[in-house]
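Visitor: Please pick one part of this model and give it a close look. I would like to know what it meets and how it sits in the whole.

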Amino acid sequence: MGIPAFTAAIKAGTSGIRHFPELESLQFSCQLGGIPPVSEEKKRDYFTELQLRNFNSSGILYGVIAGIDALADANIEFGGDEPLWELGIIFGTGTSGVDKFREAIYKVDDHKVRRLGSTTVAQTMASGISAHLGGITGAANRVTTNSSACATGTEAILMGYEHIANGNATQMLCGSSSDHGPYVWGGFDAMKVLTYKHNLEPTKASRPMSASASGFVPGSGAGALLLESLESAEQRGATIYAEVLGGHVNSGGQRNGGSMTAPNSEAVKRCIRLAVESSGILPSEIDYINGHLTATIKDPVEIENWCDALGRRGADFPYINSLKGMVGHCLAASGSVEAVSTVLQMKHGFVFPSVNCDDTHPEISKLIASECIPKKKISAEINTAIKASFGFGDVNACVIFRKI
Amino acid sequence: MTTEQIYVKLLPIVKTYLPEDVAADEINPDSDLTGELNINSAHLVDIVLDVEDAFEVEFANEDMESLRTLNDAIAIIHKKI
């Protein structure tokens, strides 16, 4: 957690996946998950004792930590007495405050609605994360929460980008967050989209692009980027990781192969192509792809879509990797956590190892050269990177970053 | 319980909800909890829940409406214990 530790971990290919006895005792098929460790002491670096009273929302915890870290890293002063009219927040989530909601449901059913206290609403509303961040920072431009399943984080970046590009704000804190635990992950376990084959070897479980990929490992957490105009960043002498060149968000209409749970490949390709077009670049300029690549049997289809959309294959294909091999699928948080990993690679000139895909899927090997998927960390200059996320509901989001 | 005993037991409950810029020594029996001590009005319900736990009483909706100061709380508690 935090930028230096995260950078070191992704360089080293460190897995954050662990076995959770609670999931085993609840008879989950997949008893693994990715949960960021947050000590009681660290919580107090971000929240007051009063805020932590009866606090039980991991998504808000992660979102606030990521958001505040991003603002601090960008050297932005916040939290003063006056509203910050030029700072806005788009902080997405899939579902928020699930553990708090469970607590509330038990009390209501027990005829104790009056015992819910004053913070149940703020901890369980979807916009709880943007609302908490708004209160801590004083952000007074648009402060909202988007939700597009696993595309949420990437979509948030594009929403913030558009808001600034349209002249409506100077700075936008863009991120997304996902709660952890059995009540968020249970539905995925029931759908049999999680792997049940690696409960005894957690760090080997999440296997994007591997022939032995057998479902994803659920993760949680949050990521955040601070977007602003170049002038605004330069005036403050802020660390600039990359420029957002453009992007695209669309849906496959749940038609032509698309459904609630599967993407319409035509829409995926269209989303990538239009992202490239809106950025005013050629597909040949792309050095690196941060894939969605969840470690299900659909990974080869995603690679084929990238090949078709960019018109590049074999040794001509860009570098590609998936952070999910290390942290699992952080669901609504995945897009923003992975976008953070993307800009860190650009800033520091490396491509992190795609762990657990030494046995690359043969369908993928037919499409792209093995060197395009680094198994060990490599040093590489990434000038142009593309990141895509695809979500339930057949929704897609794709953003393009350029080093400056 | 004497008024003094109730007051001593109420003080730490109220302190928990004070904003950071209000010192605990500003609390007195007649301070308006939201108006003078600047306690977020949403937290009044939390104060009541803590008081209920501490004194093993239950506040009615009407009690909540009449609660402005610690003295109000003491009067309500006196009636209930």
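Guide: What follows takes up one helix, then its surroundings, then the rest of the complex. Residues are numbered from 1 along each chain as its sequence is written, while chains are lettered from A and ligands numbered from 1 in the order in which they are written. The model is predicted: local features need pLDDT of at least 70 and side-chain atom pairs count only at pLDDT 80 or more, whereas totals for chains, interfaces and linings use all residues.

The part is helix 9 of chain A, residues 152-165. Helices are DSSP runs of H or I with at least four residues, strands are DSSP runs of E with at least two, and both are numbered from the N terminus. A loop joins strand 4 (143-144) to helix 9, and A:A149 is in that loop. A:A149 is not a glycine, yet its phi is positive, at about 50°. The residue is buried, because 20 other C-beta atoms lie within 10 Å. The cut-offs are 20 or more such atoms for buried and 12 or fewer for exposed, with partly exposed in between and the C-beta atoms placed from the backbone.

Two packed helices are described by the angle between their axes and the distance between the axes. The partner here is helix 15 of chain A, residues 334-348: the two axes come within 5 Å and cross at roughly 70°. Axes are lines fitted to C-alpha atoms, for helices over the stretch in contact, and angles run from 0 to 180 degrees between N-to-C directions. Helix 9 is therefore roughly perpendicular to helix 15 of chain A; that word covers 65 to 115 degrees, with under 35 roughly parallel, over 145 roughly antiparallel and the rest oblique.

On the side of helix 9, A:T152, A:G153, A:T154, A:E155, A:A156 and A:I157 make the contact, and they meet A:S334, A:G335, A:S336, A:V337 and A:A339 of helix 15. Contact is defined as C-beta atoms, placed from the backbone, within 7 Å. The residues of this helix pair comprise four nonpolar, six polar and one charged. Nonpolar covers Ala, Val, Leu, Ile, Met, Phe, Trp, Tyr, Cys and Pro, charged covers Asp, Glu, Lys and Arg, and polar the others, Gly among them.

Now the domains. Chain A is divided into domain 1 (3-236) and domain 2 (245-402), with bounds from an automatic or database domain assignment. Their centres, taken over C-alpha atoms, are separated by 22 Å. Across the boundary, 50 residues of domain 1 are in contact with 56 residues of domain 2. Helix 9 gives the most to the domain 1 side, with eight residues. Other elements that each supply at least two residues there include helix 1 (3-12), strand 3 (87-93) and strand 5 (171-178). That side divides into 20 nonpolar, 26 polar and four charged residues.

Elsewhere in chain A, A:I281 is found in the loop between helix 12 (265-278) and strand 8 (288-290). A:I281 counts as partly exposed because it has 17 C-beta neighbours inside 10 Å. Leaving aside neighbours within four places in sequence, A:I281 is in contact with A:L245, A:V276 and A:T384.

Last, the other chain. Five residues of chain A are in contact with eight residues of chain B, and the chain A side divides into one nonpolar, three polar and one charged. The predictor gives the complex an ipTM of 0.90 and a pTM of 0.97.

Conventions: Contact = placed C-beta atoms within 7 Å.
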